[in-house]
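Trainee: I would like a close look at one part of this model, the interior. Please go through it slowly and keep to what can be checked on the screen.

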Amino acid sequence: MKFLAVLLAAGMLAFLGAVICIIASVPLAASPARALPGGADNASAASAAAASPGPQRSLSALHGAGGSAGPPALPGAPAASAHPLPPAPLFSRFLCTPLAAACPSGAEQGDAAAGEREELLLLQSTAEQLRQTALQQEARIRADQDTIRELTGKLGRCESGLPRGLQDAGPRRDAMADGPWDSPALVLELEDAVRALRDRLDRIEQELPARVNFSAAPAPAPAMPTALHSKMDELEGQLLAKVLALEKERVALSHSSHQQQQEVEKELDALQDRVAELEHGTSAYNPPDAFKISIPIRNNYMYARVRKALPELYAFTVCMWLRSRSGGSGQGTPFSYSVPGQANEIVLLEAGHDPMELLINDKVAQLPLSLKDGSWHHICIAWTTRDGLWSAYQDGELQGSGENLAAWHPIKPHGILILGQEQDTLGGRFDATQAFVGDIAQFNLWDHALTPAQVLGIANCTGPLLGNVLPWEDKLVEAFGGAKKATFDVCKGRAKA
């Protein structure tokens, strides 16, 4: 409507200008040309005509110098008479001169109309942008409200999912595993974190109405939802990180408390066993190496097994206290060590009336040792893979040595060590004729060759030494098939025996 009004006004202005132009172009009525008085020539008439302000001058000025009203005088014509000529007919000519100020042209009218259309289109575009901006602000504010409600729900679920020890203010002392949760500093820290999150959510909800009113302004409105989204993301990240940290700490505490509970139960069982033994008048193995393995008869099912696996060895020294009860018919096998693929990796054997032998990887060396008197004897055997050197000690004294016994062969790891039986396969197929009958104590193994002084100190009970690879401990030796484990201090007991 406004555009139509503008066009109508422009048309009226153009029409009014045309009327004014037509009225302004009509000349005033001029008197007819009169003949000059007698005696005047054509030049005088011409000058008089030029001096008169009639329309003839205007037309001559418009059409040029040769455009006079009457035809030119012919040469030789008589001069004008003094009598007045009859009046010549009048010719009216109208000339419309455009007025720049009052008569706008069609191009100017078109430019004005185009300017009005552009202004109208600009106003419509601005109004549409404002409307779209308001709709976007409304959608973002609704999304922010949904985000706040979602975070509030998550916070409620997190608070409901926390352990009871974190929700209560007072410490809990009903179980040993709950001790770390009773820390006042941890409880206060968690409460402050939850309270800070609640305060932030409350402030954001309070700021929403102000942001709704402020969203009408087109320029700063887009910055508000961006800042709000970043704050929401930050709060959500902090909340998730806190929940994950609490979950990891709960799992770690549960695992550590389970292990601690098992250890305490084990200690309690040991104490109960100790109390029961004291009540029945028996004593535990104290020190842990003060025991012996007794095999009373020759068979293929009484033996003791060492629970600890051996590493790869390039040298070793094995020492033990032995008392044979075979009655002079061969001492049997005090110990044997087998590995997968080789049953005779290390074997100490005396069969029948043959001398005692040391087997390493099925290679044999005869040892000048004797245990047939039925007394306690200290036996030590040292070997190294370099040149296969070996040495045999009895009661602290060197009895013999040699070389080329499985030279450059390392002792293989992860085998089975049996006391009292000879293995034909890994851990089994015992032969009763090769079984040991008697007592075994202080079986120790080192990964190097002991010096003669060290061997003598162990034999005289002046320098006791436990094996660095395999020490003689009660928990590492298990008896099977009727073999007995009994308390025995070798340095005191051999004198009584």
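Mentor: Accessible areas here come from the Shrake-Rupley method with a 1.4 Å probe. By that method the protein chain exposes about 30200 Å², and carbon and sulfur atoms supply 59% of it. Keep in mind that this is a predicted model.

Some totals for the chain come before the interior. Of the 497 residues, 30% count as buried. The secondary structure comes to 9 helices and 16 strands. Among contacts with a separation of 6 or more, 69% are between residues 24 or more positions apart.

Now the interior. The largest nonpolar core has 44 residues, and Phe-316, Phe-335 and Phe-443 have the most contacts inside it. Strand β3, residues 315-324, gives the most to this core, with 4 residues. There is also a second, separate core of 10 residues, which includes Leu-151, Leu-155, Leu-228 and Leu-239.

Phe-335 is a useful place to start. Leaving out residues up to four places away in sequence, Phe-335 touches Val-318, Met-320, Ile-346, Val-347, Leu-348, Leu-417, Ile-418, Leu-419, Gly-420 and Phe-443. Both Phe-335 and Phe-443 are buried.

What about the aromatic rings? A search of the whole structure finds 6 aromatic pairs. In one of them, the ring centres of Phe-335 and Phe-443 are 5.3 Å apart and the planes stand at 70°, so this pair is edge-to-face. The angle decides the label, because planes over 60 degrees apart count as edge-to-face. Phe-335 sits in strand β4 (residues 332-339) and Phe-443 in strand β14, 108 residues apart, and the pair links these distant parts of the chain.

A second pair has another geometry. Trp-376 and Phe-488 are stacked, with 4.9 Å centre to centre and 15° between the planes. Trp-376 lies in the loop between β7 (363-367) and β8, and Phe-488 lies in the loop between β16 and α9 (490-496), so the pair ties together parts that are 112 residues apart in sequence. Trp-376 and Phe-488 are both buried. Elsewhere, Tyr-303, Phe-430 and Phe-480 form one aromatic cluster.

From Phe-335, go next to strand β11 (416-419). Among the contacts of Phe-335 are Leu-417, Ile-418 and Leu-419. Both faces of β11 are covered: Ile-416 and Ile-418 on one side are buried, and so are Leu-417 and Leu-419 on the other. Strand β4 runs antiparallel to β11 and is joined to it by 4 bridges. Within that pairing, Ser-336 has Ile-418 as its bridge partner. Strand β2 (residues 303-306) is also antiparallel to β11, joined by 3 bridges. There, Ala-304 stands opposite Leu-419.

The other partner of the edge-to-face pair leads to β14, where Phe-443 lies. Strand β14 belongs to an open sheet of 7 strands, in the order β10-β9-β8-β3-β14-β1-β16, with antiparallel pairing. In this order β3, the strand that gives the most to the largest core, is next to β14. The edge strands are β10 (397-402) and β16 (484-487), each of which pairs on one side only. On average, neighbouring strands of the sheet are turned by 25° against each other, with direction ignored. At the β16 end, β1 (residues 291-295) runs antiparallel to β16 and is joined to it by 4 bridges. Ser-294 stands opposite Lys-484 in β16.

Helix α8, residues 452-459, packs on this sheet. Its contacts are with β3, β8 (377-384), β9 (389-394), β10 and β14 (438-446), and its direction makes about 155° with that of β8.

Finally, two residues deserve a check of the backbone. Gln-442 has a positive phi of about 50° although it is not a glycine. Gln-442 lies in strand β14. With a relative accessible area of 15%, Gln-442 is buried, because the cut-off for that term is under 20%. His-414 also has a positive phi, about 60°, and is not a glycine. His-414 is in the loop between β10 and β11, and at 62% relative accessibility it counts as exposed.

Definitions and conventions
Residues are numbered from 1 along each chain as its sequence is written. This is a predicted model: local features need pLDDT of at least 70, side-chain atom pairs count only at pLDDT 80 or more; totals for chains, interfaces and linings use all residues. Side-chain values use heavy atoms; hydrogens and water are left out. Helices (H or I, at least four residues) and strands (E, at least two) are DSSP runs, numbered from the N terminus. Buried means under 20% relative accessible area, exposed over 50%, partly exposed in between (1.4 Å probe, protein chains only). Contact means heavy atoms within 4.5 Å. A nonpolar core is a set of buried Ala, Val, Leu, Ile, Met, Phe, Trp, Tyr and Cys residues joined through side-chain atoms within 4.5 Å. Two strands pair if DSSP finds at least two bridges between them. Axes are lines fitted to C-alpha atoms, for helices over the stretch in contact, and angles run from 0 to 180 degrees between N-to-C directions. Rings of Phe, Tyr and Trp (its six-membered ring) pair if their centres lie within 6.5 Å; planes under 30 degrees apart count as stacked, over 60 as edge-to-face and the rest as tilted.
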